Every structure is written in structure tokens, then in C-alpha cells.
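Open the model in your viewer and keep the selection tool at hand. Each stop below says what to pick and what is there.

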Amino acid sequence: MADPEKSKNPPPDAVARASGEADREETATAGVARGLPAVAPDFIEQEQAEEIDNSVPTRGYAMVPMIGLGGSAGSIAALQEFFKAMPADPGMVFVVIMHLSPEHESAMPELLQRCTPMRVMHATDGMRVETNTVYVIPPAKHLTSVDGHLRLDDLEPEKGKRVAVDLFFRSLADTHGPHATAIVLSGADGDGAIGIKRIKERGGLTIAQDPNEAEHPAMPQSSIATGMVDWVLHAAEMPTRLLDYRAREARLKLPPEEGPQPAQAPPKTDDQNEAALREVLAFLRARTGRDFSYYKRATIVRRVSRRMQINAVEGLSDYLSFLRTHPGECGALLQDLLISVTNFFRDRDAFAALEAHIPQIFKNKTPSDTVRVWAPACASGEEAYSLAMLVVEHARTLDAPPPIQIFGCDLDDSAVQLARAGVYPETIAADVSEERLRRFFTKEHRGYRVRREVREMVLFASHDLLRDAPFSRMDLISCRNLLIYLNPEAQKRVLDIFHFALKPHGLLLLGSSEAVDEGSALFAALDKKHRIYVQRPAQRMGVPVPAGASTLLRAIEAQEKARGGPVLPGRSFTAQQQASDGRASSLLLSELTRGGDERVSMGELHFRLIERFAPPSVVVNGDYDIIHISEKAGRFLQFSGGEPTTNLLRVVHPMLRLELRTALFQAAETKVPVEVARVPVEIEGERRAVDIRVSPARELAPGFLLVVFEMHAAVETTGGENQPVSRTEPEPIVRQLERELETTKAHLRDTVEQYEASSEEMKASNEELQAMNEELRSASEELETSREELQSINEELATVNQELKSKVEELGHANSDLHNLMSATAIATVFLDRNLRIMRYTPTAAPLFNLIPGDLGRPLADLRLRIDYLEFANDAVRVLDRLTPIEHEVRDNEDRWYLARLLPYRTLDDHIAGVVLTFVDITRGKKAEAEVRARNEELERFNKAAVGRELRMVELKKEVNELAGRLGEPARYPLAFET
């Protein structure tokens with residue numbers, strides 16, 4: 001793997017508040033005005049363009065692995081299962097992106113904290129992420145990852161555009177590259193389907209929850225439908241597979257990224273990994289016909305290593321065996337290497353800059369010219385359609401715009417098929433403004449489909465830029481994020497091809513990480529910041545030579561070889577391949593020099609000679625629209641005022657229209673050539689005769705017709721030597737027939753004119769119906785927008801419902817605890833509202849008041865009390881007025897005593913909602929108190945009797961002592977208190 005020391009990480013604060021903040025804010029403001037998200041989806045790709053040295057950026061290997069988990073309705077349960085299975089110290093960062101209601105505070109961190117020992121918190125703007133931590137997106141925010149920091153932006157005000165998951169996945173892919181993982185969980189829309197493509201493009205891992213497990217399977221199904229998902233798993237299985245994937249990265253046995261390019265001869269070495277790598281590429285070329293010899297070596301090594309990690313293979317030789325024994329792996333590796341990923345208006349600022357130069361390609365164009373645009377490596381077509389929108393928008397500002405033709409090409413056949421269908425998920429709303437969505441798309445249940453008139457303008461084809469013949473006479477070429485895959489030699493060849501394909505001073509648009517060398521003789525920088533270049537006219541010796549056999553030839557050869565048995569690539573295959581490339585190169589057309597430096601190929605010379613000596617001709621389709629016209633056929637066509645048209649019957653010479661219409665109809669119906677001879681016509685003031693031949697193209701081009709005009713001198717109608725002698729008798733009849741024929745032709749011509757007038761009226765009616773259809777479509781779009789808003793509200797309600805469900809469960813547990821507490825204490829308690837009506841009571845309170853469940857809501861004073869507490873109502877009113885507790889000892893009918901305590905009922909917000917009445921059984925205490933009182937009284941009586949006897953003894957002793965004193969004797973009973 002790449003050395004982390006080679007990664008150039010910018011300072012954290014420089015990314016948290018990245019350079020160009022003011023430009024981004026200005027772009028964001030403009031974007032919001034056009035209905036786009038405030039955050040440009042690809043702003044990180046533009047800011048760090050200089051550091052993206054590869055389609056799988058080197059700097060990503062130095063980043064801490066970050067896991068993005070995206071979901072909406074029903075994903076809380078999946079998140080809880082995921083984090084329950086994740087250990088406490090996985091060494092990764094987790095970011096949870098959900099569609100949360102902006103009106104409610106989210107309790108998501110508290111819900112997830114119960115499922116994991118890792119720290120869970122709300123993300124804040126500019127915070128640096130730490131390992132073994134879970135960050136949750138706050139409500140009403142968009143969250144993006146910026147070089148190890150989290151950035152928060154306000155959620156756009158429009159509802160129905162749920163792109164929070166996509167935006168985060170894109171930023172995660174551009175900053176963490178191969179250490180980024182996208183997990184798509186349960187949800188009710190298609191959010192995340194575009195973001196996982198970017199993760200796959202940058203070499204990250206993509207996982208989707210099993211739709212059968214998901215409560216709302218729409219989000220996982222949309223991601224799986226893209227073909228970019230590596231694993232489809234249950235939520236509880238993901239942590240184990242994810243940890244194993246990350247741990248295997250350090251154990252992979254791969255050749256070094258720095259080494260000879262695959263297109264070069266293999267070095268003389270005993271390195272088995274190097275030999276195995278070339279065997280893998282040879283096997284891939286044998287099975288698919290695709291050759292990656294001119295891809296960067298680092299790109300190939302990193303793509304192969306990703307497939308090894310996914311398939312739990314650690315050695316390259318083992319992966320070669322796995323590739324040979326698992327048929328589906330060859331296609332998966334091919335997809336990883338091609339990565340047919342893009343999006344509409346990728347790099348919003350670059351397309352805005354290009355839009356300012358679009359008028360240049362229309363300059364000096366007339367309706368007979370064509371604006372030609374080429375988008376090589378167009379992937380699934382978003383870039384080609386983006387160019388079409390820009391070109392069409394400018395063409396609508398012109399009075400007489402030229403026809404527009406756009407070519408989109410890619411190596412990936414499946415991506416080309418998707419481009420032709422023109423159906424994209426709803427989350428393209430993050431890249432396409434609302435105005436363009438209304439103008440160029442129609443809303444379907446699967447998402448948005450490009451309108452038919454735009455799809456017919458763009459031609460898609462499977463094409464290998466390095467091996468197939470290039471296009472030519474282009475006004476604009478947009479090739480973004482292709483050169484970054486190729487080695488320097490191939491990049492130079494591609495630029496040479498673009499120079500040939502462009503007209504003089506044509507425009508070239510490259511990706512943010514690609515550029516033309518300064519001082520290039522082929523291109524000059526028109527806008528260096530946004531990678532817009534202009535072609536420099538230069539003398540060429542001929543067409544750029546393709547590098548080997550074409551894609552079609554390779555595919556045919558691979559099929560022929562596959563019919564004979566399995567293909568095991570090795571040295572023999574390589575030798576055959578080189579021989580095939582040599583044969584293809586030797587078959588290049590030779591060139592002829594004519595008139596100085598101008599060079600003409602044999603094919604072009606052939607067509608010019610045919611044009612010179614063959615009669616004029618026109619090729620039309622099934623609707624009789626002109627597809628191609630020869631040089632001399634223009635004399636038979638006449639264009640009148642009004643809306644321009646390419647229909648042959650409307651522009652052909654009026655005197656030929658009737659016969660041509662009949663011939664075209666017969667040829668189309670019978671599928672056999674039809675010829676009409678000697679049709680009189682007046683051309684350039686001379687009377688001529690024209691033969692018309694209409695021939696179906698049959699299997700060469702089903703539905704197409706070839707119309708050939710051959711002009712002769714007019715037939716003489718006056719006397720002459722060769723004029724046959726006519727008889728006198730039949731002359732009146734012949735003249736009468738001729739007059740009738742002319743009258744019939746006139747009537748027929750009037751009928752045709754009436755038919756054409758009716759057609760015009762029908763066309764006007766059709767336009768009115770089309771306008772009504774547009775109004776209905778607008779109403780349908782409004783209804784669809786309302787449905788999207790309801791869907792968004794439903795998702796928010798589902799999320800809130802799950803949070804409330806958790807709250808209800810907590811409340812249920814609390815109620816159970818409270819019930820058990822009150823049952824254990826056996827304290828009779830009655831809860832009364834402010835009107836002293838019963839709200840609830842404990843089971844031990846029922847016997848005191850003869851309570852039954854039907855008594856709830858009745859005033860307690862209406863019930864017959866079994867206790868002697870007549871002052872109850874007055875005490876309750878005093879408690880409500882003074883908010884001070886009151887206690888009384890009361891007795892029931894069975895001579896049991898209770899301590900009645902009345903307290904105010906306070907809610908959590910300190911509101912007095914009633915009275916709490918408790919009765920504590922103090923019967924045992926009362927009995928003990930009575931017993932103590934009786935014993936005290938008995939003791940007091942005993943004490944009184946004892947004291948009386950003692951006083952009498954003292955008095956007697958005093959008398960004896962006094963008598964002894966009178967007798968002169970000492971006191972016989974001296975008293976202590978007297979001494």
C-alpha cells in the first residue's frame with residue numbers, strides 16, 4: 001500500500017475553514033436561488049484537486065477509517081443492531097446520517113448510547129473526529145466530512161429533496177478514499193444511491209442492508225440497483241465483516257505500486273506477485289476484450305487489492321485462482337477498473353464557467369450547420385446530458401439555431417445502456433436545479449427521466465478512446481476524470497486525439513485533477529482554474545494511429561476463442577494479442593496527397609468519386625425526414641418561408657411532390673424498389689424530365705429509403721423529324737383524355753393542398769393538445785411534489801414515532817418500577833385532580849373507600865368512606881390554597897388507625913395539578929402507644945403511693961427525734977437532709 005508519509009494533509013484549520021470559503025458561500029447562495037442545496041456537492045473534490053493524484057487517492061490511506069451510516073424511516077432498529085455487534089474499540093469513526101424532523105430535538109444519541117460502550121454525541125461544526133466515537137447528525141442540518149473534521153450547513157428550506165446521505169457520502173469519498181465505507185440502511189426514498197457511486201469510485205467499501213430485513217426497503221433497493229454495492233448483509237452481520245475487511249488490508253501480498261507499466265515488457269524477475277498481476281490483466285482481457293495496459297499501475301494495484309479484501313483473499317496468486325473459478329468476479333473486477341461513475345454538473349463552478357463560453361461554439365453557425373459535442377468516458381450519461389442542457393438553453397435564445405448533435409461514449413456497455421434509457425434517481429435534485437428538472441426531465445415512479453427531445457439529441461455508443469477511430473469536426477469535447485486513470489503516454493495520445501477531433505479553436509473541458517501541460521502546441525488555456533482549453537490549429541500528417549485492435553474486433557475475437565473452449569491467458573495469448581495488434585495497425589488506410597498539404601484517405605476519395613459521377617440522392621427515414629443528402633441533390637429541393645423542416649415531401653420541388661409521395665409509400669409498403677419515369681419539372685427556367693427511384697435499405701438500415709433523382713432533357717412537344725405521324729380520327733379523343741388527365745391532376749393537386757392544410761390544422765391542434773398536456777404535466781408535478789412532501793413528513797413522523805416508542809418503553813419500565821414500589825410499601829394512596837376527582841389509586845387504597853375501577857373521575861367526597869375523616873374536603877382545599885402538607889390521624893370502622901397526609905400534586909414543570917392523599921397504617925403504633933400510656937399511669941399511681949408512705953415515715957422520725965430532744969437524748973433517727 002501507499003506510504004502514509006507521502007500523503008500531504010493540509011492543516012486542520014485550513015480544511016475546517018477551507019480556502020475559498022467566500023467563493024463557496026457565493027456559489028451556495030446562487031445555488032439556493034436556483035433550487036440547489038446550499039453546499040456544492042463536489043466542493044471538496046475541487047478544493048483538494050491537486051492532492052487527488054489517482055482515482056483512488058494516495059492520501060486516503062493515511063486517514064482514519066470512517067464509516068458513514070445513512071438511513072431514514074425504520075433505520076433506528078438497524079442502527080441499534082449494528083452497534084450492539086460492534087466492539088468497544090474498533091479503531092474507526094462512525095457517522096450516522098438520518099432524515100430527522102427539523103421541528104423536534106433528536107434523542108438519537110441517547111438511543112444509540114444504550115447499545116454501545118463507545119461515546120455517542122451530536123456532531124458540531126468544525127469538530128475534529130476521534131476514533132471509537134459515534135457522531136450523529138443534528139436536525140435541520142447537512143453534514144459533510146472535510147479532512148478529519150465535520151462541517152455542518154443549514155438544511156435547505158425545500159421539502160422533498162432528501163439528499164443528506166448522498167452529500168455526506170460524496171464528501172467522505174473525496175477525503176478518505178479507500179478508508180471510506182458507506183452503509184445504506186432502511187429508508188423510504190433513494191437517498192444514498194449517488195453517494196455510494198462516489199465511494200466506489202474512490203476505492204471505498206459499499207454495504208447495503210438486506211431489503212428483506214429493512215422495515216422500509218426503498219433506500220437499500222435503490223443502492224443495490226446501481227450495481228455499486230459490494231455486500232448485502234443483515235445489520236448484525238456488518239460489524240464482523242467490516243472489521244475483517246479492515247484487518248486484511250495490512251496482510252495483502254501485492255507487487256509495489258512503483259514499477260513498470262502493464263503496457264511495457266515484463267521485467268526479468270522471480271517476483272511471483274508481479275507475474276500474477278500480469279496474468280490477472282491477461283485473463284481479464286481474454287474474458288472481456290478490455291485492455292488496461294495503459295492504465296496507471298497504482299490504479300490497477302489498488303483496484304485489485306480492493307477486490308482481494310472483499311473476497312477475503314490475501315495473496316495475488318490466490319486471487320488469480322479465485323478469478324478463474326468464479327465467473328462473476330471477472331465482471332466485478334472489470335466494473336471496479338472502469339468505474340462508470342459521474343453525476344450531473346459535476347463541479348458546479350466549472351460548468352458555470354463553461355456556460356459562459358457556449359456562445360463561442362454557435363458563432364457563425366447557420367441552420368444548415370451543426371453544433372457537434374463529444375463526451376468521451378461519459379459513464380451513465382449524466383455529463384453528456386449536462387452538456388445538452390447547456391447547449392439547448394443557449395440555442396433557445398437564437399432566432400434560427402443550428403441542429404445540435406451530442407455524442408456520448410464509454411467502454412462500459414451496461415453504463416451506455418443506462419445512459420440511453422435516461423432514468424436517474426430522485427436525488428439528482430442535489431445537482432440539477434428545479435428549473436432544469438421541470439424543463440428537461442419528466443417525473444416517473446423510478447425517479448426522473450430525460451425528456452425525449454433531449455434523448456434524441458444525444459447519441460450513445462460503446463467506444464474505446466485509445467483503440468477505436470476518433471470522432472471529428474467537434475466544437476466541444478468534455479472529458480472529465482479519465483486522464484487521471486491513464487499513464488503519461490496514454491494521456492499524451494488522448495490529447496493528440498482530441499486535437500484531431502476538434503475544429504480549429506474548438507473547446508476542451510477537463511476534470512479538476514487533470515490539466516494540459518503549459519506551453520503545449522496543441523491547446524491553450526482559456527480558463528486555467530476551471531480546466532477549459534482552446535484548440536490551437538496545427539498542421540497534421542494524418543489521423544492519430546489507434547493503439548491496437550478496436551474494441552469491436554477484440555470482443556469478436558474473444559467470443560470466437562471462447563467457443564473453442566476455455567481461455568487460459570499466458571504467454572501464448574500475449575503473443576497472439578501482439579500479432580492481432582500488428583495486423584490491425586497494418587490495415588490502416590493509406591493516404592493520398594492532393595493539392596499541397598491536404599491529405600485524403602482512400603475511403604474519402606471513394607465517396608467523392610461516387611458523388612461526382614453518381615446521380616443526386618437523398619437518404620430518408622420512415623417519416624421521410626432527410627438523414628443525408630448528396631451534394632447535387634439540392635437543385636431538386638426548395639425551402640419556403642416559415643418554420644424550417646427536414647421532411648423531404650415538404651421541401652422537394654412541388655412538381656415532383658405527388659409522384660414522389662406515391663413512390664415513397666409504395667416502396668415502404670412493398671419493400672421493393674419503385675421507379676417513376678419522366679416526371680416533367682421546371683428547374684432553373686428550363687423544362688426537364690426527372691426519373692425518380694426509391695429503394696428500401698432493407699437489412700442494411702431497416703426503415704430507411706434511398707431516393708435517387710436522374711434528370712433528362714425535356715421531351716419535345718412540337719413537330720420535328722422524329723415526331724411520329726398521328727392519325728386524324730383519334731386526335732380529339734387523345735386531347736380530351738389529356739385534358740381530363742390535367743383536370744384530374746389539378747383536382748389531385750388541390751386535394752393534396754387541402755390535405756396539407758388539414759395537416760397544418762391538425763398540427764396546430766396537436767400543439768394545443770401538447771400545451772394542455774404540459775399543463776397537466778405541471779399539475780402532475782405539483783401533485784408529485786406534494787406527495788414528496790408528504791413522504792418526507794411521513795419519514796420524519798416515523799423517526800419521531802420510533803423515538804416516542806423508545807420513550808414509551810422507558811415510561812412503561814418506570815411505571816412498572818413505581819407500581820412495584822407502591823405495592824412493596826403497601827401505602828394506600830389516592831391521586832385527586834384540582835376538583836378532588838379520583839385520577840388513580842393504589843390497590844391498598846381500595847378497601848378504605850370501597851373503590852372500583854369505575855370510580856375514576858368521580859369526586860372522592862361522593863363515596864362512602866370507611867374512615868372517620870369528615871374534614872377531608874376542607875383539608876384538601878386548604879392544601880390547594882396554601883400548598884402546605886396537612887396530617888391527621890384517623891380511624892376506620894374496624895378500629896384501625898391511619899396517618900392521613902395531604903400534599904399538593906406537582907408536575908415536572910412545577911404545576912399544581914391536584915392533591916395526593918396517602919394513608920399510612922399506624923394501628924400497631926397506636927396500640928403500642930396506648931399500652932405505654934397505661935403502664936405509665938400504673939407506674940405513676942405506684943409512685944404516688946410509695947411517696948406517701950415515705951412522707952409518713954419521715955414525719956414519725958421527726959417526732960421521735962423531737963421527743964428524744966426533750967428528754968435530752970440525742971436524735972435516734974438522724975435525717976440526711978437535716979445534716
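**Stop 1: an aromatic cluster**

This is a predicted model. Begin with six residues: Phe 344, Tyr 385, Tyr 424, Phe 441, Tyr 448 and Phe 460. Together they form one aromatic cluster.

Now keep just Phe 344 and Tyr 424 on screen. How are these two rings arranged? They form an edge-to-face pair, with 5.0 Å from centre to centre and 80 degrees between the planes. Distant parts of the chain meet here, as the two residues are 80 residues apart. Phe 344 sits in the loop between helix 13 (327-338) and helix 14 (348-362). Tyr 424 belongs to strand 12 (residues 423-424).

Are these residues buried or exposed? Phe 344 is buried, with a relative accessible area of 1%. Tyr 424 has 4% relative accessibility and counts as buried too.

**Stop 2: a tilted pair**

Select Trp 374 and Phe 471. Their ring centres lie 5.0 Å apart and their planes meet at 55 degrees, so this pair is tilted. Trp 374 is in strand 10 (residues 371-376). Phe 471 is in the loop between strand 15 (458-462) and strand 16 (474-479). Along the chain they are 97 residues apart. Both Trp 374 and Phe 471 are buried. Across the whole structure, a search finds 18 aromatic pairs.

**Stop 3: two nonpolar cores**

Nonpolar side chains tend to be buried together in soluble globular proteins. Select Leu 69, Phe 83, Phe 94, Tyr 319, Trp 374 and Phe 498. These have the most contacts inside the largest nonpolar core, which has 114 residues. Trp 374, from the last stop, is one of them.

Next, pick Ile 194, Phe 344, Ile 358 and Phe 440. They are among the members of a second, separate core of 45 residues. Phe 344, from the first stop, belongs to this core.

**Stop 4: the parallel sheet**

Show the strands as a cartoon. Which order do the strands of the seven-stranded open sheet follow? The order is 3-4-2-1-7-8-9, and the pairing is parallel. Strand 3 (119-122) and strand 9 (231-233) stand at the edges. Each has a single partner strand, so one side of each has no neighbour in the sheet. From one strand to the next, the twist averages 20 degrees.

Zoom in on strand 2 (residues 93-98) and strand 4 (residues 133-136). Four bridges join these parallel strands. Find Val 96: its bridge partner in strand 4 is Val 136.

Now add helix 4 (residues 76-85). This helix lies across strand 1 (66-71), strand 2, strand 4, strand 7 (180-184) and strand 8 (205-209). Helix 4 runs at about 170 degrees to strand 2.

**Stop 5: the antiparallel sheet**

Move along to an open sheet of five strands, in the order 28-27-31-30-29. Here the pairing is antiparallel. Strand 28 (838-841) and strand 29 (886-891) are the edge strands, each pairing on one side only. Select strand 27 (residues 828-833) with strand 28, which pair over three bridges. Leu 832 has Ile 838 as its bridge partner in strand 28.

Helix 27 (residues 872-882) lies across strand 27, strand 29, strand 30 (897-906) and strand 31 (912-921). Its angle to strand 30 is about 35 degrees.

**Stop 6: two cysteines**

How many disulfides does a search of the whole structure find? It finds zero. Select Cys 378 and Cys 409 for a check. Their sulfurs are 6.5 Å apart, too far for a bond. Cys 378 is buried at 1% relative accessibility, and Cys 409 is buried at 2%.

Notes. Residues are numbered from 1 along each chain as its sequence is written. This is a predicted model: local features need pLDDT of at least 70, side-chain atom pairs count only at pLDDT 80 or more; totals for chains, interfaces and linings use all residues. Side-chain values use heavy atoms; hydrogens and water are left out. Two strands pair if DSSP finds at least two bridges between them. Axes are lines fitted to C-alpha atoms, for helices over the stretch in contact, and angles run from 0 to 180 degrees between N-to-C directions. Contact means heavy atoms within 4.5 Å. A disulfide is a pair of cysteine sulfur atoms within 2.5 Å. Buried means under 20% relative accessible area, exposed over 50%, partly exposed in between (1.4 Å probe, protein chains only). A nonpolar core is a set of buried Ala, Val, Leu, Ile, Met, Phe, Trp, Tyr and Cys residues joined through side-chain atoms within 4.5 Å. Rings of Phe, Tyr and Trp (its six-membered ring) pair if their centres lie within 6.5 Å; planes under 30 degrees apart count as stacked, over 60 as edge-to-face and the rest as tilted.
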